[in-house]
Each structure stands twice: as C-alpha cells, then as structure tokens.
Amino acid sequence: MVAEALALATIKKRPLEQAVLHVFTTHPRFDQGLAATSIPLPERAVRRALAWYMARDDSHPLAAIEKAARSASSCPDKAMDAALESAHRYFSKLYRQATQRRHPPGTTAPDNLADADGLATFAVATVLGFENYGADAIVEAVSKSLPELADEYGNQLFAQWSKAVRKAEGVSERPFSRQPRWPSLEDRVQRMERVEYPVICTVRDVLALLVEASPALALARQAGIDNPDVLHIEAIRTSNRRTDEYLKRAEAISRRPGERAWKGFTGLLLDVCTSPRRLSTFQEDVTALDPALDDVPGLGRRILASCNAPTASSDGEA
C-alpha cells in the first residue's frame with residue numbers, strides 16, 4: 001500500500017521527501033487535498049520529509065528572510081542586504097495583493113507602502129536580532145508603520161524615543177533585548193522533533209477534516225444557508241482568531257489541486273506543531289467547533305439540499 005502510494009506520488013520524478021509529504025497530506029490516487037490517514041507511513045520518513053520541507057520553505061516571510069540571509073555565505077553585510085531585499089519584496093507584494101483583496105489568509109496586510117517598509121525592517125530585525133540592527137532604524141520603522149502619528153506630537157514622541165534608545169546603546173545596554181527573535185531553522189527542526197509522532201498525526205487528521213469540510217462551508221456562506229451547524233461554526237470563527245485562521249487556510253488548501261495542496265497543508269501543519277502556544281491551544285481551538293463537524297459528508301448533503309430547496313418566492317412565482 002505504501003509502495004503503491006509513493007509510486008503514484010513520484011510518477012513525475014519528485015524528490016522522495018516531497019513524495020512522502022504528498023502521501024502524508026493528500027490522497028494521491030484521487031489527487032484530492034485530503035490527508036491520507038489510511039496509509040501508514042514510517043515515522044522516520046515523515047520526520048525526515050518535514051525537516052527537508054522546513055529547510056526549503058519560504059511561504060512564511062520570516063522563513064524567507066532567514067533563507068535569504070543564509071544564502072549570502074558568512075558575510076554579515078551581504079546577509080543583511082539579502083534579508084532586507086527579501087523582506088521589502090515580500091511586504092510590498094503583500095500590500096499589492098491586499099489592494100486586490102487576494103492576500104493569503106492568516107496574514108495582516110500593510111496599510112500602505114510606508115507601512116510595508118516598516119514591517120520589512122521589523123521582520124529583518126526579528127530574524128537577525130534587534131541587537132544587530134541600529135536603534136534609529138527600528139524607531140524609523142515604527143514611525144513609518146504609524147502614519148496616524150505623523151504630526152507634531154508624533155514627531156516629538158519618536159524623537160524622544162530615538163534619544164532614549166541611543167542613550168541606552170551608549171552605555172552598552174540593549175534597548176530591544178526583550179523583543180522576540182524568530183527561531184532559527186535548527187530550532188524549528190528541534191521543536192518538531194520534540195513533538196510526539198501521534199500528536200503530529202492527530203493534528204494532521206484534524207486539519208484534514210477542516211479541509212474536507214471547507215467546500216460545503218464556503219457554499220453555505222455564499223448561499224446564506226441558516227443551518228444550525230454552520231451558524232455554530234461561524235460564531236466560533238468570530239470569537240476565536242486562531243480557529244478562524246485555521247478554517248481560512250483550510251479553505252485555501254481545499255481550492256488547490258492535490259499537486260499543490262500538499263505544500264499548503266504541510267505549512268499549516270508545521271505552523272501548529274512548531275509553535276508551542278499554537279500547539280498547546282490547538283485542541284481547545286478546534287474542539288470548540290464540535291459537534292458541527294462530526295459528520296462532514298452529512299453536513300455537505302444537508303447544505304446542498306438547502307441550496308436546491310425551492311424558496312417561498314419561487315413557489316409563489318410558480
């Protein structure tokens with residue numbers, strides 16, 4: 001069974017690791033974006049494939065920045081230049097996508113190009129370390145990201161802040177020492193290794209359920225179906241930001257062919273499993289949807305039946 005699935009996944013001469021992830025996250029026989037929970041894969045092969053993916057993934061802006069910095073050999077100046085170029089390219093593109101209302105789910109788009117520049121500076125500092133970035137550049141990035149403070153009061157505020165951080169640097173203090181730093185690739189791989197394999201598979205199975213339910217939920221939302229299960233799910237989405245993000249990303253994955261769905265699915269799986277906070281709240285975030293997704297095929301049939309049911313107005317016209 002495993003050999004057959006891998007043979008189907010490697011038919012286009014993909015890397016073995018990609019084939020493993022394709023099988024782990026999709027039904028290769030039907031080319032659907034649903035996790036192949038019925039195909040048992042060796043834990044070692046899955047873990048190796050996930051580490052392979054993390055080293056190549058650039059879907060997350062901070063991962064892309066880190067990858068760009070790593071590619072610039074060991075020269076700090078070249079690494080900084082490469083990181084800045086990657087960050088500005090990403091956030092400028094994100095702003096353009098937002099103006100066309102097609103930015104990726106789970107992302108906060110810049111309000112304007114100045115905001116994109118500010119976010120790019122902050123992103124690079126988060127990856128390379130705030131201590132490696134000039135305090136003046138950080139203050140300028142914040143001021144660009146807050147155009148609503150572009151008045152006399154705002155100028156005074158940022159001038160005082162800039163003076164304070166320069167003074168702190170002058171006495172060898174680190175004014176941004178408490179700022180979080182993006183975990184390195186090695187750190188993320190180690191975090192994933194500490195997650196038990198049954199937990200990884202459980203997260204995969206739950207995400208697969210969300211992907212499977214996404215087409216029906218999207219149809220219900222577009223058609224305005226007043227189904228109790230759908231209303232419950234929408235209420236949870238409104239009250240829980242993480243649950244809403246998982247559902248949005250699951251819907252985006254469901255719209256892709258299996259040839260591409262594995263990447264989005266793998267990225268979402270890693271985002272949950274490599275973040276201690278996300279992983280610790282994942283069960284609470286998704287079980288809040290119970291019991292609405294206990295019978296996804298049945299939910300889909302009920303929603304489809306509601307869409308096909310004649311309305312009162314159509315009955316009157318007939």
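Which residues have the most contacts inside the largest nonpolar core? To find out, keep the whole chain on screen for a moment, remembering that this is a predicted model, and then follow the stops below.

**The whole chain**

With the cartoon shown, the chain has 16 helices and zero strands. Its residues number 318, of which 44% count as buried. If contacts between residues at least 6 apart in sequence are considered, 65% of them join residues at least 24 apart.

**The cores**

Select Phe24, Leu50, Ile200, Leu207, Leu210, Leu269 and Leu293, which are the residues with the most contacts inside the largest nonpolar core, a set of 51 residues. Helix α10 gives the most to this core, contributing 12 residues. Apart from this core lies another one, of 22 residues, and Ile65, Ala69, Met80 and Ala120 are among them. In soluble globular proteins, nonpolar side chains tend to be buried together.

Now centre on leucine 293, and leave aside its neighbours within four places in sequence; the residues in contact with leucine 293 are then Leu209, Leu210, Ala213, Ile233 and Leu299. A short step back along the chain brings you to the peptide bond from aspartate 290 to proline 291, which is cis, with omega near 0°. Proline 291 itself has its place in the loop between α14 and α15.

**Helix α11**

Select α11 next and look at how it begins, where a side-chain oxygen of asparagine 227 comes to within 2.8 Å of the backbone nitrogen of aspartate 229. The 12 residues of α11 should span 16 Å at 1.5 Å a residue, and the 17 Å between its end C-alpha atoms agrees with this.

Which residues of α11 are buried? They are Val230, Ile233, Ile236 and Arg237. Because these residues cover an arc of only 125° around the axis, they lie on the same side of α11. An α-helix has 3.6 residues a turn, so residues three or four places apart point the same way. Turn the view to the other side of α11, and there Pro228, Thr238 and Ser239 are exposed. The buried residues, for their part, pack against α10, α12 and α15 (296-308).

Arginine 237, which has its place in helix α11, merits a selection of its own. Is this arginine buried or exposed? Arginine 237 counts as buried because its relative accessible area is 10%, and the cut-off for buried is under 20%. Leaving aside neighbours within four places in sequence, arginine 237 is in contact with Arg221, Asp244, Leu247 and Lys248.

**Helix α12**

Move on to residues 241-254, which form helix α12; its 14 residues reach 20 Å from the first C-alpha to the last, close to the 20 Å expected at 1.5 Å a residue. At the start of α12, a side-chain oxygen of asparagine 240 is within 3.0 Å of the backbone nitrogen of arginine 242.

Colour the buried residues of α12, which are Thr243, Asp244, Glu245, Tyr246, Leu247, Arg249, Ala250, Glu251 and Ile253. To see what covers them, display the neighbouring helices, including α10 (197-223), α11 (228-239), α13 (258-273) and α14 (276-287).

Beyond this helix, arginine 256 lies in the loop between α12 and α13. Arginine 256 counts as partly exposed because its relative accessibility is 32%. Apart from neighbours within four places in sequence, arginine 256 is in contact with Ala261 and Gly264.

**Aromatic pairs**

The last stop concerns aromatic rings, for which the count comes to three pairs. Begin with tyrosine 90 and phenylalanine 91, whose ring centres are 5.0 Å apart and whose planes stand at 90°, so the pair is edge-to-face. Tyrosine 90 is partly exposed, with a relative accessible area of 22%, whereas phenylalanine 91, at 9% relative accessibility, counts as buried.

Then select tyrosine 246 and phenylalanine 282, where the ring centres are 5.5 Å apart and the planes are at 65°, so this pair is edge-to-face. The pair links distant parts of the chain, 36 residues apart, with tyrosine 246 in helix α12 and phenylalanine 282 in helix α14. Both tyrosine 246 and phenylalanine 282 are buried.

How values were computed:
Residues numbered from 1 in each chain as written. Predicted model: local features only at pLDDT ≥ 70, side-chain atom pairs only at ≥ 80, totals over all residues. Heavy atoms only, no water. Helix = DSSP H or I, 4+ residues; strand = E, 2+ residues; numbered from the N terminus. Expected span 1.5 Å × (residues − 1). Buried < 20%, exposed > 50% of the residue type's maximum accessible area, 1.4 Å probe, protein only. Contact = heavy atoms within 4.5 Å. Polar contact = N/O pair within 3.5 Å; in protein donor to acceptor, adjacent residues only side chain to side chain. Core = buried A, V, L, I, M, F, W, Y, C linked by side-chain atoms within 4.5 Å. Arc of directions from axis to C-beta. Phe/Tyr/Trp six-rings, centres within 6.5 Å; stacked < 30°, edge-to-face > 60°.
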